Amino acid sequence: MREDIKEVLISEEQIQEKVKELGKALTEEYDDKFPLVIGVLKGSLPFMADLIKNIDTHIELDLMDVSSYGNDMVSSGEVKIVKDLNTSVEGRDVLILEDIIDSGLTLSYLVNLLQYRKAKSVKVVTLLDKPEGRKVDLVPDLAGFVVPDEFVVGYGLDYAEKYRNLPYVGILKPEVYQG
Ligand SMILES: O=P(O)(O)OC[C@H]1O[C@H](OP(=O)(O)OP(=O)(O)O)[C@H](O)[C@@H]1O
Ligand code: HPA
């Protein structure tokens, strides 16, 4: 698996350090608010698992599975709900956890949906932000790292469902997706 990586962009150590920093900021932001923290499957799972251990105040967790990429490297533009929340967001402070914001289509759909469902507040924290990929105007409330306009994998991010279990974020060798 690791032989398919051309370049490690963000090391395991850098990620772990950043996750601690983000956790500290979120502890201050949400102290005494009992936010509903929503992980967007499947990519956010490693980030979610690490980040919540660094949030030192009560939170409630839920998961949502939305998909707009299938096995492609570009968004289809159509966001599908594969699994909805178990919890009502009405009147809640909601924090959405993402692994990456690229076109912004997934998140703008989700933010609008949760506002429509009457969340008290909706904020977004993403590990990676790829601003050059944006197709809609969306700025995360908190972001770990800005990445260049390249397809990245690892730490939750996949190519054709692979590489999610890498502990770092890297760029694939072109021959992997050129076949
Ligand atoms: O800003 P966007 O262009 O919408 O891209 C970001 C979304 O794409 C990926 O999810 P994907 O739909 O591939 O599902 P996955 O998390 O299961 O890989 C990623 O986890 C984000 O949710
Ligand atoms: O660069 C990316 N890599 C993996 N999944 C993604 N979903 C949006 N952008 C990306």
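The following paragraphs describe the fold, the two sheets, the surroundings of one ligand and some local backbone features of a predicted model.

In overall composition, the predicted protein contains 4 helices and 9 strands, and these elements follow one another along the sequence in the pattern β-α-β-α-β-β-β-α-β-β-β-β-α. The radius of gyration is 16 Å, close to the 16 Å that the globule rule gives for 179 residues, so the protein is as compact as a globular protein of that length. Taken along the principal axes, the box filled by the C-alpha atoms is roughly 50 × 35 × 25 Å, and 32% of the 179 residues count as buried.

The strands of one open sheet, 6 in number, are arranged in the order β4-β3-β2-β5-β6-β7, and their pairing is mixed. The edge positions are taken by β4 (80-83) and β7 (142-146), each of which has a single partner strand, so one side of each is left without a neighbour in the sheet. On average, and with direction ignored, neighbouring strands of this sheet are turned by 30° against each other. In general, the strands of a sheet pair through backbone hydrogen bonds, and they may do so in parallel or antiparallel fashion.

Within this sheet, strand β2 (residues 36-41) is mostly covered, with 5 of its 6 residues buried. Strand β2 runs parallel to strand β3 (residues 60-67), to which it is joined by 6 bridges, and one of the pairs places valine 40 opposite its bridge partner in β3, methionine 64. Between these two strands the chain passes through helix α2 (residues 45-52), and the resulting β-α-β crossover is right-handed. Strand β2 also runs parallel to β5, with 4 bridges joining the two; here leucine 36 has valine 94 of β5 as its bridge partner. Strand β5 (residues 93-101) is in turn joined by 8 bridges to strand β6 (residues 121-129), again in a parallel arrangement, and aspartate 93 finds its bridge partner in serine 121 of β6.

Strand β3 also contains leucine 61. This residue, leucine 61, counts as partly exposed because it has 14 C-beta neighbours inside 10 Å, a number that falls between the limit of 12 or fewer for exposed residues and that of 20 or more for buried ones. The C-alpha atom of leucine 61 is separated by 15 Å from that of threonine 27, a residue 34 positions apart from it along the chain.

A further open sheet is formed by 3 strands in the order β1-β9-β8, with antiparallel pairing. In this sheet β1 (5-10) and β8 (152-153) stand at the edges, and each has a single partner strand, so that one side of each is left without a neighbour in the sheet. Strand β1 is joined to strand β9 (residues 169-172) by 4 bridges, the two running antiparallel, and isoleucine 10 has valine 169 of β9 as its bridge partner.

Around ligand 2 there are 7 residues, among which Ile100, Asp102, Phe151, Val152 and Leu157 come nearest. Sorted by class, this shell comprises 6 nonpolar residues and 1 charged residue, with no polar residues.

Certain local backbone features were also noted. Most residues other than glycine have a negative phi, and most peptide bonds are trans. The peptide bond from leucine 41 to lysine 42 is cis, with omega near -5°, and lysine 42 lies in the loop between β2 and α2. Aspartate 32, although not a glycine, has a positive phi of about 70°; this aspartate 32 belongs to the loop between α1 (12-30) and β2, and it counts as exposed because 6 C-beta neighbours lie inside 10 Å. Lysine 118, likewise a residue other than glycine, has a positive phi near 70°. Lysine 118 is placed in the loop between α3 (105-116) and β6, and with 11 C-beta neighbours inside 10 Å it also counts as exposed.

Terms used. Residues are numbered from 1 along each chain as its sequence is written. Chains are lettered from A and ligands numbered from 1 in the order in which they are written. This is a predicted model: local features need pLDDT of at least 70, side-chain atom pairs count only at pLDDT 80 or more; totals for chains, interfaces and linings use all residues. Two strands pair if DSSP finds at least two bridges between them. Axes are lines fitted to C-alpha atoms, for helices over the stretch in contact, and angles run from 0 to 180 degrees between N-to-C directions. A crossover is right-handed if, with the strands pointing away from the viewer, the path from the first strand over the helix to the second runs clockwise. A residue is near a molecule or strand if its C-beta atom, placed from the backbone, lies within 6 Å of it. Ala, Val, Leu, Ile, Met, Phe, Trp, Tyr, Cys and Pro count as nonpolar, Asp, Glu, Lys and Arg as charged, and the others, Gly among them, as polar. The radius of gyration is taken over C-alpha atoms; the globule rule is 2.2 Å times the number of residues to the power 0.38.
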